[in-house]
Amino acid sequence: MNPIHSTGGRKPVSVAGIAGDKTAKKIRVKAFKTSKNDPLPQARRFRWNVNTYTRLLRQSLKIECQSHIMKDIFRNNVGIHRATMKLAAPVLGEAALAALTKRASDAIQAKRIFSIHGYYPIISEELKKRGWIEKRNPVFRTMNYEYLLTILGSANNRAMCNVRSPPSLTSTKESLIIENKENSYLWPIVKDVNANYIFTSNGFDVDWNNFNDKTIFSQLNRYSFCSKIALADTVKTISKNDNVKFPRSYFITDTKSMDFFIRDFRLTALFGSIKIILSSKNSQNSIFSRNGTIPYEIIEFIEYRCWEFLNFCQTKVASDLMWSTMISEGGWTTFLVWYQKIVEENATIGVSNRYHIRDIYHRLNAWERKIKTFCPQFFIDGDTNLWIIKPTNCCSGVGIILERRLKNIMKTIKDNDIFIKSYVIQKYIERPLLISKVKVDLRQYFLVTNTIPIQIWMYKEGYVRFCSKKFTVHDLGGDIHLSNVRVQSMNRKCRTAGVPEECMWDFKQFKEYLKSIKNGDKWDTLIYPTMCETLTDVVMESFNPESRRGFGYQLFGADFSLTENFEPWLVEINNAPGLNPTTSIIARIATMLLRDIIKVTVDFPLNSNAETGLFENIYSGKLVKHCNTVKNITKEYYYRQ
């Protein structure tokens, strides 16, 4: 079991203080010393296992629930025990009220009033430490505390994690009740004051018309790269000049777009057949046999189609590539039937003369070398022609289908022969990086601020998501191919040997793994720089500088799939990446991340030398030099100008 760490911005308190009852005293938390190489040398960190994390999180949420329920009981004048009444309704003396009033007055004058839509206690905590005052309606509650409290009693129920972000583990019941009392007192003073800082994960939560040029808002407007359709279009535009690593995608809207996809599907199957044949050259199970069920005509078909493709590529403009073929629809239908038998039934081709077989290998090898020069995604396509079909209006793996049969794909995206605009078809990466024989991918956070110039901030911590079942392209189950937290949370108990308990690593653990397999340099020389360059290209292509309104920023979550040679390929970008602490790793990272967002959006604009935590500026409207130093070896990367 891997150790899990958590950072805290406040002075650490005892576990008993955090939990607030006898149960917490049983939780053993060991502090460990930070090393010189620690990215957060000044942070106090704790180590716990998954079970301890779950109990600690439950206790923290229970404290918050009880504090709000006590506040409601007192407000509604419901009779309760005198000791409880005293705790629920702390008395603020005249001196305390005067100090509170002055703080509010100073904050209004200094334009330090903030508002939070949703449950983000860490954001509130960080801003208050900087002298900001929260504008919060005491009647409005960010969570259904009564419902949450009933769930917390179940030891095995992880529904308690159904919150937008981690709770503050440093709060006590008493401090939360006092905080609620202060907010109730401050509300009449600040309710008519426009908030100067608004944090939300949903742009629809607020009225954009109420903003002024001084408002700091955690949402950007008029960007398009988070839509599956728009991201595919953006990458297509960029790829005319730069080869952005993004699998081919199609949004079927009419017969023309369908025709493009069908031609790509057939071509990928054609090249896949070449790969299968060549891979059998040194295999004990040859694809050629005297009694093969696939006729030799398949070889002739493959070679004729390769000649047509190369001839077209060499005589037409690449950007206008619409590969044409002289063969009839029936010819392609027959070929795809043969191809499916080879892929799914291990069928063999009827050739027995070994000299003839040797000549076939030689010719197809020559065709493959030429084809690669015109197909930048030749490597990731694999040989089984597997495609992933994604609903455009869903997330977290909902509704995703994997398919390699054309008729099944057509059936999915059609409704009574009428094309519907609901799915994006994307080429599946068939040669992913495997750890413990399962597929993994990366969640990379990045922040975009629309200051002048525009700035892109890459977060140096994220997580690696594991699938729970052994990888194979012949079984299309979601537990094998979809690493989404929602999907794999239902399969953690039946995971393959070697897969982490929470089907997740942080980047530090992943880097240690790379070192253990003698590829420790891949992160700094290939993975991280490629992710930076890809995201910079995508953001700058789709971001509209004329749409800036005040100071806006937004956190995004990019999903990258790694190939077996460690190349990161962008799969999707989320405009509201989940920070709810469904795993101890997400809880730790989200806690750091939210604190560092305040450093970038509040501290840095006032002082360009201010600490930005784990956020690294990779683009600021000009040539940006990024330098990675590993021991005595330095590698420099220059991103988009």
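Biologist: Which residues line the second largest cavity?

Modeller: General idea to start with: rolling a probe the size of a water molecule over the atoms shows where empty space is left. In this predicted model, the lining of the second largest cavity is made up of K228, L231, F246, S249, K390, V424, Q426, V571 and E572. The space inside comes to about 60 Å³.

Biologist: And how many cavities of 30 Å³ or more does the search find?

Modeller: Six, with the whole structure searched.

Biologist: Back to the second largest cavity, then. Which elements each supply at least two residues of its lining?

Modeller: Helix α9 (228–238) does, and so do strands β15 (423–427) and β22 (568–574).

Biologist: How do the residues of that lining divide into nonpolar, polar and charged?

Modeller: Four are nonpolar, two are polar and three are charged. Among the residues of the lining you'll spot K228, K390 and E572.

Biologist: Let's go to the surface. Which residues form a nonpolar patch there?

Modeller: I108, Y185 and I189, and together they have about 200 Å² of accessible area. I189 belongs to helix α8 (residues 173–190).

Biologist: Why does I189 count as partly exposed?

Modeller: Because its relative accessibility is 31%, and partly exposed runs from 20% to 50%.

Biologist: Now try I122. Is I122 buried or exposed?

Modeller: Buried, because its relative accessible area is 1%, and the cut-off for buried is under 20%. You'll find I122 in helix α6 (residues 121–129).

Biologist: Which residue has its C-alpha atom 6.9 Å from that of I122?

Modeller: That's R595, and those two residues are 473 apart along the chain.

Biologist: On to charged pairs. How many salt bridges does the structure hold?

Modeller: The count is 30. Take E329 and R266 as a case: their side chains meet in a salt bridge at 2.4 Å, N to O. This pair links distant parts of the chain, with E329 in helix α12 (residues 329–345), R266 in helix α10 (residues 255–279), and their positions 63 residues apart.

Biologist: Are those two partners buried or exposed?

Modeller: One of each. E329 counts as exposed because its relative accessible area is 53%, while R266 counts as buried because its value is 12%.

Biologist: What about D559 and R465?

Modeller: Their side chains form a salt bridge too, at 3.2 Å, N to O. The link here runs between strands: D559 is in β21 (residues 551–562) and R465 is in β19 (residues 463–466), 94 residues apart. Both D559 and R465 are buried.

Biologist: And where do K599 and E611 lie?

Modeller: K599 is in helix α19 (residues 584–606), and E611 is in the loop between α19 and β23 (615–619), so to speak twelve residues along. Their salt bridge comes in at 3.4 Å, N to O. K599 is buried because its relative accessibility is 16%, whereas E611 is partly exposed because its relative accessible area is 48%.

Biologist: Which residues do salt bridges that share partners join into one network?

Modeller: E125, E126, K129, R130, R595 and D603. You've met R595 already, as the residue whose C-alpha atom is 6.9 Å from that of I122.

Key: Residues are numbered from 1 along each chain as its sequence is written. This is a predicted model: local features need pLDDT of at least 70, side-chain atom pairs count only at pLDDT 80 or more; totals for chains, interfaces and linings use all residues. Side-chain values use heavy atoms; hydrogens and water are left out. On a 1 Å grid over the protein atoms alone, a cavity is a set of points where a 1.4 Å probe fits but cannot get out, and a pocket is an open set with protein on both sides within 12 Å along at least five of seven lines; lining residues have an atom within 4 Å of a point. Grid points are joined across faces, edges and corners, and a volume is the space filled by probe spheres set on the points. Helices (H or I, at least four residues) and strands (E, at least two) are DSSP runs, numbered from the N terminus. Ala, Val, Leu, Ile, Met, Phe, Trp, Tyr, Cys and Pro count as nonpolar, Asp, Glu, Lys and Arg as charged, and the others, Gly among them, as polar. Patches are made of residues with over 30% relative accessible area and no salt bridge: like charges are joined within 9 Å, nonpolar side chains (Val, Leu, Ile, Met, Phe, Trp, Tyr) within 5 Å. Accessible areas come from the Shrake-Rupley method with a 1.4 Å probe; for residues, only the protein chains shown count as cover. A salt bridge is a side-chain nitrogen of Lys or Arg within 4 Å of a carboxyl oxygen of Asp or Glu. Buried means under 20% relative accessible area, exposed over 50%, partly exposed in between (1.4 Å probe, protein chains only).
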